[in-house]
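Student: I have a protein model open in front of me and would like to learn how to read it step by step. Could we work through some questions together?

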Amino acid sequence: MAGHRFAALAAIALAFCGNTWAQTELKFGHVGEPGSLLGAAADEFAKRVNPKLGGKYKVVAYGSSQLGGDKEMLQKLKLGTIDMVEPSTVMSSEADLFGVFEMPYLVKSREHMKKIEKDLFWSKIEPAAEKKGIKVLAVWENGFRHITNNKHPINTPADLKGIKLRVPEGKWRVKMFQAYGANPSPMKFSEVFTALQTGVMDGQENPFAQIASAKFYEVQKYLSLTGHVYTPSYLVVSTKKWATLPADVRKILEETAKETQAFVYEKAAKDDEDLLVKMKAAGIQVNNADKDAFIAASKAVYEEYSKEVAGAKEIIDRAIVLGK
């Protein structure tokens, strides 16, 4: 009798907990530290999307490289052990056409980026990722990149000669800084602070939000405002995983991801002002670089990329027109 009673109670408990038991966690990984733009975008998306998913699915963000570096996370995405990732530069290593966003001084502003997204991204660039098993749900932002180092202010490419510079895992960033005369080395974001602190690297390049949230200004003397590349970030899923999700869930995820872009751009613009003030106050020396000198030194990278990647020149030419 007691056994029957226990079984009945267990059934009632299961009925009450039905939603909890059925909830599927969607693991969302990124390399951003607390306070970073990458982290803010991920958290905002989760906050907006979870109430709409009705308890069946729940997006849980794991920042600070908890699930690995960008390259590792994209591998895990394809293997199905992570559901969503927010990559940036590394996408150019997954699909060559994403290298368009590695071309120095191509993207002039967020308004320009919106035009590129509308006119070129979804029709020409995103399909290249899908062919590699990665679907982009939305274009967000990493930001305009600047150089920090411990040797001296960087005014022109000549000032980079011999500087050991950490760059992200994307070959066109390496080629760009080689063209400028630096000694670039790809390295996981989570390893950069220690590399700068110990002198394994002299410098690095990142948007303000990444420099500030990772506290690189504590172990770097100079911040040079080069603005050499604007890097989008992306919310991506694997095409395999996407195919397994119900149509209504896919719609909610995709629409909410795209809606989150306005929040990301607004925060990014505010960060550009606030974080520079914060880092100056912390004691890092800031200088304006000679952007024309960097633009002149960038010609070879454009030429090599346009020759190597089919369809790239057409996209670059159109993107330049959209920025006029």
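Student: Which residues of helix α14 (residues 312–322) are buried, and which helices do the buried residues of α14 pack against?

Tutor: This is a predicted model, and in α14 the buried residues are A312, I315, I316, A319 and L322. Seen around the axis, they cover an arc of only 120°, so they sit on the same side of α14. The partners that these buried residues of α14 pack against are α6 and α13.

Student: How confident is the predictor on average, and over which residues is the pLDDT below 50?

Tutor: The mean pLDDT of the protein is 94, and 94% of its residues reach 70 or more. There is a stretch where the pLDDT is below 50, and beyond near neighbours in sequence this stretch has 2 contacts in the model. The stretch in question is residues 6–20.

Student: What span does helix α11 reach from its first C-alpha to its last, and where is its kink centred?

Tutor: Helix α11 runs over residues 247–281, which is 35 residues, and at 1.5 Å a residue a span of 51 Å is expected. The model comes close to that, with 50 Å from the first C-alpha to the last. Along α11 there is nevertheless a kink of about 30°, and the residue on which this kink is centred is D271.

Student: Which residue with a positive phi follows α11?

Tutor: The phi angle to look for after α11 is positive and lies near 110°. The residue that has this angle is G283.

Student: How far apart are the closest N and O atoms of E141 and R110?

Tutor: Side chains of opposite charge can pair when their charged atoms come close. E141 lies in the loop between β4 (134–139) and β5 (143–149), whereas R110 belongs to helix α6 (residues 110–130), so that the pair, 31 residues apart, links distant parts of the chain. Both E141 and R110 are buried. They form a salt bridge in which the closest N and O atoms are separated by 2.7 Å.

Student: Are K171 and E308, which also meet in a salt bridge, buried or partly exposed?

Tutor: The side chains of K171 and E308 meet with 2.7 Å from N to O, and the pair joins helix α7 (residues 171–179) to helix α13 (residues 299–308), 137 residues apart. A residue counts as buried under 20% relative accessible area and as exposed over 50%. K171 has 37% and E308 has 41%, so K171 and E308 are both partly exposed.

Student: Which residues are joined with E205 and R173 into one network of salt bridges?

Tutor: E205 in strand β8 (residues 203–207) and R173 in helix α7 are 32 residues apart, and the closest N and O atoms of their salt bridge are 3.1 Å apart. The relative accessible area is 0% for E205 and 0% for R173, so E205 and R173 are buried. Salt bridges that share partners join E205 and R173 into one network with E102 and R145.

Student: Which residues does L160 touch, not counting residues up to four places away in sequence?

Tutor: L160 is found in the loop between β5 and β6 (164–167), and because its relative accessible area is 0%, L160 is buried. Not counting residues up to four places away in sequence, L160 touches I147, I154, F177, Y180, G181, A182 and F294.

Student: Is L26 buried or exposed?

Tutor: L26 has its place in strand β1 (residues 24–29). Leaving aside neighbours within four places in sequence, L26 is in contact with several residues, including Y57, V59, L245 and L253. Its relative accessibility is 1%, so L26 counts as buried.

Student: Y105 and K215 have a positive phi of about 60° although neither is a glycine; where is each found, and is each buried or partly exposed?

Tutor: Y105 is found in the loop between α5 (91–94) and α6, and K215 in the loop between α9 (208–213) and β9 (222–225). The relative accessible area of Y105 is 12%, so Y105 is buried. For K215 the value is 40%, so K215 is partly exposed.

Conventions:
Residues are numbered from 1 along each chain as its sequence is written. This is a predicted model: local features need pLDDT of at least 70, side-chain atom pairs count only at pLDDT 80 or more; totals for chains, interfaces and linings use all residues. Side-chain values use heavy atoms; hydrogens and water are left out. Helices (H or I, at least four residues) and strands (E, at least two) are DSSP runs, numbered from the N terminus. The expected span of a helix is 1.5 Å times one less than its number of residues. The bend at a residue is the angle between axes fitted to the seven residues ending there and the seven starting there. A salt bridge is a side-chain nitrogen of Lys or Arg within 4 Å of a carboxyl oxygen of Asp or Glu. Buried means under 20% relative accessible area, exposed over 50%, partly exposed in between (1.4 Å probe, protein chains only). Contact means heavy atoms within 4.5 Å. The arc is that of the directions from the helix axis to the C-beta atoms. pLDDT is the predictor's confidence in each residue, from 0 to 100.
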